[in-house]
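Please open the structure in your viewer and keep the selection tool at hand. The tour below goes from one selection to the next and says what is found at each stop.

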Amino acid sequence: MNVVRRACVLAALVGTAAVMAGCSSGEPEWQQVNQRVIDEHAIAGRTRELPDVELPTVLADGEPVERSRLPTVTLGPGVVAALAWGRGALLERVEMQPAAAYPAQTLAEELIIVVQDGSATIEFDGRTVALTKDRVLYLQPGTVRTMRAGPTGWKAFEVYSPVRLDHLALAGQSTSGVTVTFPDQGVTPSLQPGVVVDLQDVQWTPLVDPLAGESYRRSTALSKLLWGKNAQISLIRMDPGSEIALHRHPEDQLTHTIRGSLEQGVMDRTFPATGAAGHMLYLPGGMVHSAQLGPTGADQLDVFWPVRPDYVERAQKQRGLYEQVVAAGERPKKLADGFTFTEGPTWLKGKLYFSDMFFQNPAANDWTGSPARSRLVVMEPDGKWRVLSSGMQSNGTLAAKNGNLLVCDMFGHRVVEVVPATGKVTRVVLDKVNGSPIDGPNDLVMDGKGGLYVTDPQFTPEATKSQPGKQVYYIAPDGTARVVIGPGEYAMPNGVELSPDGKTLYVDNTWQQPGENFVWAYDVAADGSLSNKRRFAMLNLTADVLDAANPADRLDSRADGTAVDTEGRYYVATKSGVQIFLPDGTYAGTIWVPQYPVSITFGGPNNDVLYMVGESSVWSIQTRVRGFRHPEGMN
């Protein structure tokens, strides 16, 4: 059995001879190695005083342990927990069998629960709430709680601070004479006590500065940060192949790898860590560490004690960027459902127009379409809708300067103009480029002169295509059309958008290479031609995509429809929600929608409502910004 205690933490952090001279001779041996690494690499770090805490522990400082080797305790019939702890926080991975009951208890500690899988009902303070996957609940000392698992059982991470001595005793540890109180640090929790939070509504916060020397501003480590008064949880996702340099902080850290793989650096050594093995690592305050990520990246659950003020600052800054767009507490509202695969929305004169594309089974990757079963839909602001026309496998739509609707007839290999009152096609806007039919027009955007950019990812049923590859066309104001982005640039060029000043064109790539999970930017010339292709933004990916068996499928952002606001922010519908970027490419946040949003547009009387069409449903959210798109004045 080891003992974890505070032993001259300033020596590990400040690294000065004067401070080292004041240390007791009983300091851990690792501090000498740690100091050498600090000196060799000139690693800066914050300092803070922590109280003396002495606890028995099973985790050696800086030595990873597989989850299967952690002590496991029985908390009730059908309720077990694997335990890991440092000086100020206890992390438990709790598993409850179907219908198992967690005995009633009065908390002496604060508790943060993050549900990993399954369902349970929890009773506390006379209330009963459901806890399902990705739900978070914060409870404070003095709360009486009991739980019962649902029909499939329940798995969750529970973080207690201070450490629960009764659970350590169940794990066979001697706690006689141990004191675990912790003085109030004046921290305001990020979570309201007793309020269930959806983890998807917690914004990703960049934990490292953007990559240097790149045209896009990407932090390779993003985290969903949660904290109470004493402890802080960081649910961090690190990009494939990325690196986190040697660094240190005065707070204790428990690190649990829950997905992917990495080489975990601890001072001058490295250890493999995987989500499959569930490696657990205890890092005392001040211990230098780093990470080299594997081919799928990695997710880790980090527990810090006490709360890291630098992480609080980063989270508040990130939340501020998001709340410039969406007010705190504002959530998407479902307007309608019952569709097959909605696409290409446009707000025009008080109504929302969009395509409902029939595909045999998109969820099973069966994209067999049917123009006869596809339809163009018009919806009132209250969600009432009707079929405007059918017979086209239509996709993107856009207001025309004359008040009609421009429609990408994807399987019809043309862009047409439609009367919005009747759905009647009045003319063909584009059906040929360079003397050959176009393949599958997908999305379109208008410039200030009335010219149109149209993407063609050739997503059509014909085995033989008419064009030489996936392209982007420009239709000049005089009606002439030409290729402005040729074959071989993208695996699937999809959403296309212009900055409000008309100087930058954005193109997103839906999946695979070339194009990867990036939004690309181009400079726009007066004649509509493009130059200076560059990466504008790297899109966040979901865990299932990162873990795809085929490496080619690990780039599937599912990026599709796009929008901009009057201040130049860029919005893109992706598998993980509507991702928002500032004009310089800085990530501003994600609007999470319960169903994957396929495409988006601004609308409403003030053009400040973001409409999101997603597979079988249509959603909207009130924003604090106003959308921008030519032609203007169509509300």
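Helices and strands here are DSSP runs, with at least four residues for a helix (H or I) and at least two for a strand (E), and they are numbered from the N terminus. With that in mind, select Lys349, which lies in the loop between β20 (333-348) and β21 (351-356). This is a predicted model, and in it the phi of Lys349 is near 50°, a positive value in a residue other than glycine. Is Lys349 buried or exposed? Since exposed means over 50% relative accessible area, Lys349 counts as exposed because its value is 53%.

Next, go to Met267, in the loop between β16 and β17 (269-274), where phi is again positive, at about 55°, although Met267 is not a glycine. Here the surroundings call for the other cut-off: buried means under 20% relative accessible area, so Met267, at 10%, counts as buried.

Two cis peptide bonds make the next pair of stops. One runs from Trp305 to Pro306, with omega near -5°, and Pro306 sits in the loop between β19 and α5. The other joins His630 and Pro631, with omega about -5°, and Pro631 is found in the segment after β46 (627-628).

From Pro306, carry on into α5 (309-323) and display the helix from end to end. Its 15 residues should span 21 Å at 1.5 Å a residue, and the C-alpha atoms at its ends are 21 Å apart, so the expected and modelled spans agree. Which residues of α5 are buried? They are Tyr311, Val312, Ala315, Gln318, Leu321 and Tyr322. An α-helix has 3.6 residues a turn, so residues three or four places apart point the same way. To see what covers the buried residues of α5, add β12 (205-206), β13, β14, β19, β42 (577-581) and β43, which are included in that cover.

The helix also leads to a pocket. In the second largest pocket, which holds about 740 Å³ of space, α5 supplies the largest share of the lining, with five residues. Of the 31 lining residues, select Ser190, Asp201, Val202, Arg319 and Arg331, which lie nearest the centre of this pocket. Besides α5, the elements β11 (197-198), β13 (221-227) and β43 (587-591) each supply at least two residues of the lining. By class, the lining of this second pocket divides into 16 nonpolar, nine polar and six charged residues.

Now turn to the largest pocket, whose volume is about 920 Å³. Among its 31 lining residues, Asp134, Gln200, Arg237, Asp299 and Ala543 are the closest to the centre. Two or more lining residues come from each of β7, β10 (144-161), β14 (232-238), β16 (252-266), β19 (289-305) and α6 (543-546), and β7 gives the most, with four residues. The lining of the largest pocket is made up of twelve nonpolar, eight polar and eleven charged residues.

The nonpolar cores come next. The largest has 62 residues, and those with the most contacts inside it are Met96, Ile113, Ile122, Trp154 and Leu226. Strand β7 (residues 110-124) gives the most to this core, with eight residues. Apart from it lies another core, of 20 residues, including Ile580, Ile600, Leu610 and Met612. For a closer view, centre on Leu226, which touches Val114, Val136, Ser190, Leu191, Leu199, Val202, Ala231, Gln232, Ile233 and Leu235, leaving aside residues up to four places away in sequence.

Finish with the enclosed spaces. How many cavities of 30 Å³ or more are there? The count comes to seven. In the largest cavity there is about 150 Å³ of space, and of its 16 lining residues Phe341, Trp367, Phe459, Met492 and Asp560 are the closest to the centre. Its lining has nine nonpolar, four polar and three charged residues. The second largest cavity has a volume of about 80 Å³, and of the 14 residues that line it, Thr397, Asp443, Thr562, Ile600 and Arg629 lie nearest the centre. The elements that give two or more residues to this lining are β20, β26 (394-399), β32 (444-446), β36 (493-498) and β44 (599-603). By class, the lining of the second largest cavity has five nonpolar, six polar and three charged residues.

How values were computed
Residues numbered from 1 in each chain as written. Predicted model: local features only at pLDDT ≥ 70, side-chain atom pairs only at ≥ 80, totals over all residues. Heavy atoms only, no water. Core = buried A, V, L, I, M, F, W, Y, C linked by side-chain atoms within 4.5 Å. Buried < 20%, exposed > 50% of the residue type's maximum accessible area, 1.4 Å probe, protein only. Contact = heavy atoms within 4.5 Å. 1 Å grid on protein atoms, 1.4 Å probe; cavity = no way out; pocket = protein on both sides within 12 Å on 5 of 7 lines; lining within 4 Å. Points joined across faces, edges and corners; volume = space filled by probe spheres on them. Nonpolar A, V, L, I, M, F, W, Y, C, P; charged D, E, K, R; others polar. Expected span 1.5 Å × (residues − 1).
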